[in-house]
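Colleague: I want to learn how to read a strand and a pocket in a model. Can we work through one together?

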Amino acid sequence: MDTTSRLLMLLEVVEQGSFAKAAEIRNIDRSVISKQISRLEDELGVRLLNRTTRSFSLTAAGAEMIKKAADLRELLGETLRMAENYHQEPRGLLKITASTIIGRRYLQPVINDFQKRFPQVEVELRLDDRLVDIVSEGFDLAFRIGEPKDSSLIARKIARNRLLILATPEFVKTYGMPKTMSDLAQLPAASYKSNAFRVDAINYYNDKGEACEQKIRSVFRANDAEVLLMKTLSGTSYFLAPAFLLDNEVIDGELVPLLTHIKIMDHSAMYALYPHRDLPVRTRLFFDAVREYLGKDKPIWENSIPNFDHMY
């Protein structure tokens, strides 16, 4: 391993906050990283880290070296992207991260077709509902629902994320068809809840166009939208669902939209995130393929909801 590689390894250790996490990403033993950092210090003739048995901190020299390592990684990345753009045929590894539902339902079909067209491209797909560090973990593209929080990343909106209120015909037969948001508030709901986000109300616009919020009576919470959909299909609760979660449940009559005259606020949108504007050919072509598959004007999933353009 040369000095450049050791500097990049040091950068990963600092970004991940521990030797163990950096070793896990690289799939190597923690002791290997520790030994390489020690060799880097010997090569440079300065101490870069103050280490204890449980933690470390950067020395003044280490802090300066981290800045240079970040610049070095950026320069190497630009060099590789420039070289790849001269390839006639896309090739190399394409690393993608997405939430589980998006990856399973909407990215996997695109990946299958993409690799038929470009067999020299390898794809690594990480399905994870946590927000990964795209830069430090080396991802080329990320697909997420919600406003991007990292301003250093390039974000492009690729599809709207409309919501609808769903219940089974059996649920309506048991509880009656709600006519107002106040009626709905009395009924049992299934709702999303995770460590980072929870849904405990429906945001909508009233007849005057004013923003309103209606609290819901949640009797079941889960951090997986597909589990919430299955709960709704049991007929024991209604669900404020993202449209991208649905297959043919509405067309087949398994689920019925409620209060379709209410203008419900969208829950942000689906975004593609990437670390650089100058995308390698394989990344740019895959991004274009995803946009083509999802639909540029109307998301593909809205086609499975009859008359959706006139609801909510």
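**Strand β15 and the pockets**

Modeller: This is a predicted model. Start with the side chains of β15. Ala 269, Tyr 271 and Leu 273 point one way, while Met 270, Ala 272 and Tyr 274 point the other way. All of them are buried.

Colleague: Why is β15 described as largely enclosed by the rest of the structure?

Modeller: Buried means under 20% relative accessible area. In β15, residues 269-274, 6 of the 6 residues are buried, so the strand is largely enclosed.

Colleague: Which strands are joined to β15, and by how many bridges?

Modeller: Strand β5 (residues 141-145) runs antiparallel to β15, with 4 bridges. Here Ala 142 has Leu 273 as its bridge partner. Strand β6 (residues 154-160) is also antiparallel to β15, with 6 bridges. There, Ala 159 is partnered by Met 270.

Colleague: Now the pockets. What is the volume of the largest pocket?

Modeller: About 1,400 Å³. It is lined by 48 residues, and the closest to its centre are Ile 145, Gly 146, Tyr 192, Phe 197 and His 267. Elements that each supply at least two lining residues include β5 and β15. The lining divides into 25 nonpolar, 11 polar and 12 charged residues.

Colleague: And which element gives the most to the lining of the second largest pocket?

Modeller: That is α4, with 8 residues. This second largest pocket holds about 940 Å³ of space. Of its 30 lining residues, Arg 73, Gly 77, Val 135, Gly 138 and Phe 139 are the closest to its centre. Its lining has 13 nonpolar, 6 polar and 11 charged residues.

Technical notes: Residues numbered from 1 in each chain as written. Predicted model: local features only at pLDDT ≥ 70, side-chain atom pairs only at ≥ 80, totals over all residues. Heavy atoms only, no water. Buried < 20%, exposed > 50% of the residue type's maximum accessible area, 1.4 Å probe, protein only. Pairing = 2+ DSSP bridges. 1 Å grid on protein atoms, 1.4 Å probe; cavity = no way out; pocket = protein on both sides within 12 Å on 5 of 7 lines; lining within 4 Å. Points joined across faces, edges and corners; volume = space filled by probe spheres on them. Nonpolar A, V, L, I, M, F, W, Y, C, P; charged D, E, K, R; others polar.
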